[in-house]
Amino acid sequence: KIVQRVWKLASRYYLSSYSAIRLTGTEGLRSTFSDFLVTRNYEIQYLQVKPEISFQPKNTLRISFLGGGTFKKNVFEGGNGEKVELYDGGVELKVNKLSQRNITSTVKYIRINADFKGTALGSPLGYEMLEALLPGNNFTWNITWQEKLMNGLQFSFSYEGRKSDTSKMIHIGRMQLSALF
């Protein structure tokens, strides 16, 4: 059984007609309970702050500078009180042509400090708390391209990559052709 409770507060302030600041705060609890797989039980309490500043010099182009911090703790009564701090910063570029094309690309640096108190990083708890990354320095990047080819026919391509200090670079690509009718 998976239980998730989330409280979110978002605010946006326009500095000018082409720039804005956005701040999002999230507080939540994510729990997983199993009667048969008790090693997969956890209850993660987290707090997240995400500031963003965006510039949109044209209707077809937006550049955003991203930042943030996430603080997680396993509060499950059978757990070890594992803690993780994630700090990230990055840049997002979005280019679009109304009703025709949409291209979005993001590059992020993520610093992870983890105190797992003997719990394996590859455990379900480790995977969830580390967001599929590793403690230390991490880089993630992606690009998504969506194109309307003709009435009812749409093409999309996405590529994601990530690199941690101690692991090889990982690449994931997807391509899809959709017929809408």
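In which loop is Glu131 found? I would like to start there, and I should say at once that what we have in front of us is a predicted model. Glu131 is found in the loop between helix 1, which covers 124–130, and strand 7. Its phi is near 55°, a positive value in a residue other than glycine, and with a relative accessibility of 44% Glu131 counts as partly exposed. Ala132 lies in that loop between helix 1 and strand 7 as well, and here too phi is positive in a residue other than glycine, with a value near 65°. Ala132 counts as partly exposed because its relative accessibility is 23%, and the cut-off for calling a residue buried is under 20%.

Let me now step back to the chain as a whole. It has 1 helix and 9 strands, and if you follow the elements from the N terminus on, they run β-β-β-β-β-β-α-β-β-β. The C-alpha trace spans about 55 × 40 × 35 Å along its principal axes. There are 181 residues in the chain, of which 28% count as buried, and the accessible surface comes to about 11,800 Å², with 58% of that belonging to carbon and sulfur atoms. As for how the contacts are spread along the sequence, if we take those between residues at least 6 apart, 48% of them join residues at least 24 apart.

The next topic is the pockets. Rolling a probe the size of a water molecule over the atoms shows where empty space is left. In this model the largest pocket holds about 460 Å³ of space, and of the 23 residues that line this pocket, the closest to its centre are Arg12, Arg22, Glu52, Ser54 and Arg62. Which strands each supply at least two residues of that lining? They are strand 1 (2–16), strand 2 (19–32), strand 3 (42–58) and strand 4 (61–74), and the largest share, 8 residues, comes from strand 3. Sorted by class, the lining of the largest pocket has 7 nonpolar, 8 polar and 8 charged residues.

The second largest pocket has about 360 Å³ of space, and it brings us back to the residue I opened with, since Glu131 is among the residues closest to its centre, together with Lys108, Ile110, Leu133 and Thr140, out of the 19 that line this pocket. At least two lining residues are supplied by each of strand 3, strand 5 (83–97), strand 6 (101–115), strand 7 (136–150), strand 8 (153–164) and strand 9 (170–179). The lining of the second largest pocket divides by class into 7 nonpolar, 6 polar and 6 charged residues.

I would like to finish with three single residues, each in a strand. The place of Ser19 is in strand 2, and at 7% relative accessibility this serine counts as buried. The side chains of Ser19 and Ser16 are joined by a polar contact of 2.9 Å. Leaving out residues up to four places away in sequence, Ser19 touches Tyr14, Ser54 and Phe55, and Ser54, as you will recall, is one of the residues closest to the centre of the largest pocket.

Glu92 has its place in strand 5. Is Glu92 buried or exposed? With a relative accessible area of 18%, Glu92 is buried, because the cut-off is under 20%. The side chain of Glu92 makes a polar contact with the side chain of Thr106, at 3.5 Å. Beyond its neighbours within four places in sequence, Glu92 is in contact with Arg62, Ile63, Ser64 and Leu66, and also with Thr104, Ser105 and Thr106. Arg62 in this group is also among the residues closest to the centre of the largest pocket.

The last residue is Asn102, whose place is in strand 6. Asn102 has a relative accessible area of 22% and is therefore partly exposed. Setting aside residues up to four places away in sequence, Asn102 touches Lys94, Val95 and Asn96, as well as Thr144, Trp145 and Gln146. For a sense of distance across the model, the C-alpha atoms of Asn102 and Gln45, which are 57 residues apart along the chain, are separated by 36 Å.

Note on methods. Residues numbered from 1 in each chain as written. Predicted model: local features only at pLDDT ≥ 70, side-chain atom pairs only at ≥ 80, totals over all residues. Heavy atoms only, no water. 1 Å grid on protein atoms, 1.4 Å probe; cavity = no way out; pocket = protein on both sides within 12 Å on 5 of 7 lines; lining within 4 Å. Points joined across faces, edges and corners; volume = space filled by probe spheres on them. Helix = DSSP H or I, 4+ residues; strand = E, 2+ residues; numbered from the N terminus. Nonpolar A, V, L, I, M, F, W, Y, C, P; charged D, E, K, R; others polar. Buried < 20%, exposed > 50% of the residue type's maximum accessible area, 1.4 Å probe, protein only. Polar contact = N/O pair within 3.5 Å; in protein donor to acceptor, adjacent residues only side chain to side chain. Contact = heavy atoms within 4.5 Å. Areas by Shrake-Rupley, 256 points an atom, 1.4 Å probe, with all protein chains shown as cover.
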